[in-house]
Amino acid sequence: MPAAGENLRINSARLWDSLMQMARVGPGIAGGNNRQTLTDADAEGRALFQRWCEEAGMTMGVDTMGNMFATRAGTDPDALPVYMGSHLDTQPTGGKYDGVLGVLGALEVVRTMNDLGLRTRHPIVVTNWTNEEGTRFAPAMLASGVFAGMHGQDWAYDRVDAEGKRFGDELARIGWVGDEPVGARKMHAMFELHIEQGPILEAEGRDIGVVTHGQGLWWLEVTLTGKDAHTGSTPMNMRVNAGLGMARIIELVHRIAMDNQPGAVGAVGQANVYPNSRNVIPGKAVFTVDFRSPDQAKLDGMRARLEAEAPAIAAELGLGIAIAPVGHFDPVTFDPGLVQVVRGAAERLGYSHMDIISGAGHDACWINRVAPTVMVMCPCVDGLSHNEAEEISPEWAAAGTDVLLHAVLDVAQVVA
């Protein structure tokens with residue numbers, strides 16, 4: 001079947017209205033959202049999404065991790081479904097579009113297909129993955145990770161939040177434990193539309209990012225042990241200052257990332273000193289190093305260099321040190337055939353585009369391990385995300401969803 005005609009477009013106003021309606025669920029304090037996973041707000045957002053899907057003629061399935069799958073039937077009962085989606089959960093001070101655009105953009109694709117009377121050989125499934133953010137229950141992309149076999153379900157159920165509440169208990173509390181075995185579904189392909197969460201597309205003046213790779217990641221938790229002491233009465237040459245050691249290792253992290261340019265980043269984003277008192281030299285520091293690269297050798301090399309050089313810094317200051325990996329995934333290469341489908345859709349529609357590497361982790365990164373997968377990105381203002389001031393334009397949202405529509409129709413095979 002030839003590709004869908006370039007005149008086919010989604011209903012931009014309806015998509016934007018849906019985004020704004022969902023943004024009213026779990027509002028933040030500064031214009032964004034606080035719809036953390038497995039909260040009452042999450043349950044409310046899920047119910048709204050389910051109602052919209054059913055109104056669009058889809059049937060909803062839910063697995064034992066709470067992943068939601070809304071299915072539009074295809075004409076061939078034996079054809080594997082084409083999936084598209086992202087997540088509805090947010091950061092505590094999150095924006096209105098991170099993840100949500102991918103879910104509601106996918107819903108808009110189905111609504112547009114209904115408007116136009118289009119049928120496909122392959123069924124189409126719109127997905128909301130549980131706990132992508134990982135802000136309440138670590139790690140991020142938890143449920144898609146279980147789906148892809150990267151985590152065990154029992155282990156996932158035992159994750160606890162800051163108040164000691166278990167993931168499994170909270171999933172049951174909000175009423176979203178499904179009856180499908182997680183990971184049992186098979187996919188013909190998976191598409192994820194997402195805002196870039198970075199500044200490249202806007203800076204380059206491009207409408208669409210064709211995502212070819214996802215960065216791999218190492219999170220390394222460093223614990224430095226020194227001696228608590230009075231800041232005023234302890235001589236400088238007699239201090240065992242864990243805070244000073246942390247500062248020097250943070251500088252080392254920056255040097256390591258800079259020495260691996262291009263295509264590598266590193267920083268410390270979470271740091272705590274103890275006892276965290278104004279007049280006490282820190283006797284302990286705990287902080288997490290975040291290294292990322294799409295190049296496996298660079299990624300592993302950065303970890304190895306930190307583990308080799310940080311102990312020397314600690315020894316020079318008389319500090320004890322422990323380094324433990326607390327998060328990891330390898331770099332991702334998205335399906336080359338699907339990448340070309342996305343690129344071709346953008347070209348047919350006349351949208352400016354460029355290849356891009358995803359700097360953040362996404363559910364598609366795990367699903368790529370069990371099915372052909374690709375991502376489509378649209379710009380966001382100043383690259384700002386995980387912030388209530390996160391913003392995109394209706395035109396950017398429409399462009400990304402138009403490309404999603406055409407790519408999905410190509411792969412799902414429109415029938416006469």
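Is Asp 410 buried, partly exposed or exposed, and at what relative accessibility? In this predicted model, Asp 410 has a relative accessibility of 25% and therefore counts as partly exposed, since the buried class ends under 20% and the exposed class begins over 50%. The side chain of Asp 410 meets that of Arg 348 in a salt bridge, with 3.1 Å from N to O. This pair links distant parts of the chain, for Asp 410 belongs to helix H12 and Arg 348 to helix H10 (residues 336-349), and the two residues are 62 residues apart. Arg 348, at 26% relative accessibility, likewise counts as partly exposed.

Helix H12 itself covers residues 394-412, and its 19 residues should span 27 Å at 1.5 Å a residue; the C-alpha atoms at its ends are 26 Å apart, which agrees with that expectation. Of these 19 residues, 16 are buried, so H12 is largely enclosed by the rest of the structure. The helix is followed by Gln 413, which is found in the loop between H12 and strand S17 (414-415). Most residues other than glycine have a negative phi, and most peptide bonds are trans. Gln 413, although it is not a glycine, has a positive phi of about 70 degrees, and at 32% relative accessibility this residue counts as partly exposed. A positive phi, of about 65 degrees, is also found at Gln 197, again not a glycine, in the loop between strand S6 (189-195) and helix H7 (200-204). Gln 197 has a relative accessibility of 19% and therefore counts as buried, as this value is under 20%.

Two cis peptide bonds can be described alongside these backbone features. One runs from Ala 138 to Pro 139, with omega near 5 degrees, and Pro 139 is found in the loop between strand S5 and helix H4 (142-147). Another runs from Gln 261 to Pro 262, with omega near -5 degrees, and the place of Pro 262 is in the loop between helix H8 (242-259) and strand S10.

The salt bridges of the model come to a count of 21. In one of them, the side chains of Asp 40 and Arg 173 meet at 2.9 Å, taken from N to O. Here too the pair links distant parts of the chain, with Asp 40 in helix H2 (residues 40-55) and Arg 173 in helix H6 (residues 167-173), 133 residues apart. Asp 40 counts as exposed at 53% relative accessibility, whereas Arg 173 counts as partly exposed at 44%. Both residues also take part in a network of salt bridges in which Asp 40, Arg 136, Asp 161, Glu 170 and Arg 173 are linked.

A salt bridge within a single helix is formed by Glu 307 and Arg 303, whose side chains meet at 2.8 Å, N to O. Both residues lie in helix H9 (residues 296-316), where they are 4 residues apart, about one turn of the helix. An α-helix has 3.6 residues a turn, so residues three or four places apart point the same way. Glu 307 is partly exposed at 30% relative accessibility, and Arg 303 is partly exposed with a relative accessible area of 21%.

Among the strands, S2 (residues 68-72) is mostly covered, as 4 of its 5 residues are buried. S2 pairs with strand S1 (residues 59-62) in the antiparallel sense over 4 bridges, and Gly 61 stands opposite Phe 69 in S2. The hairpin of S1 and S2 has 5 residues between the strands, and in this hairpin Gly 66 takes a positive phi near 85 degrees. S2 also pairs with strand S5 (residues 124-128), again in the antiparallel sense, over 5 bridges, and in this pairing Thr 71 stands opposite Val 125 in S5.

Attention turns finally to empty space in the model. The largest pocket holds about 1200 Å³ of space. It is lined by 45 residues, of which Ala 140, Leu 217, Trp 219, Asp 290 and Arg 292 are the closest to its centre. The elements that give two or more residues to this lining are strand S8 (216-225), strand S10 (265-274), strand S12 (284-293), strand S13 (320-329) and strand S15 (353-358). By class, the lining of the largest pocket has 18 nonpolar, 20 polar and 7 charged residues.

Key: Residues numbered from 1 in each chain as written. Predicted model: local features only at pLDDT ≥ 70, side-chain atom pairs only at ≥ 80, totals over all residues. Heavy atoms only, no water. Expected span 1.5 Å × (residues − 1). Buried < 20%, exposed > 50% of the residue type's maximum accessible area, 1.4 Å probe, protein only. Salt bridge = Lys/Arg side-chain N within 4 Å of Asp/Glu carboxyl O. 1 Å grid on protein atoms, 1.4 Å probe; cavity = no way out; pocket = protein on both sides within 12 Å on 5 of 7 lines; lining within 4 Å. Points joined across faces, edges and corners; volume = space filled by probe spheres on them. Nonpolar A, V, L, I, M, F, W, Y, C, P; charged D, E, K, R; others polar. Pairing = 2+ DSSP bridges.
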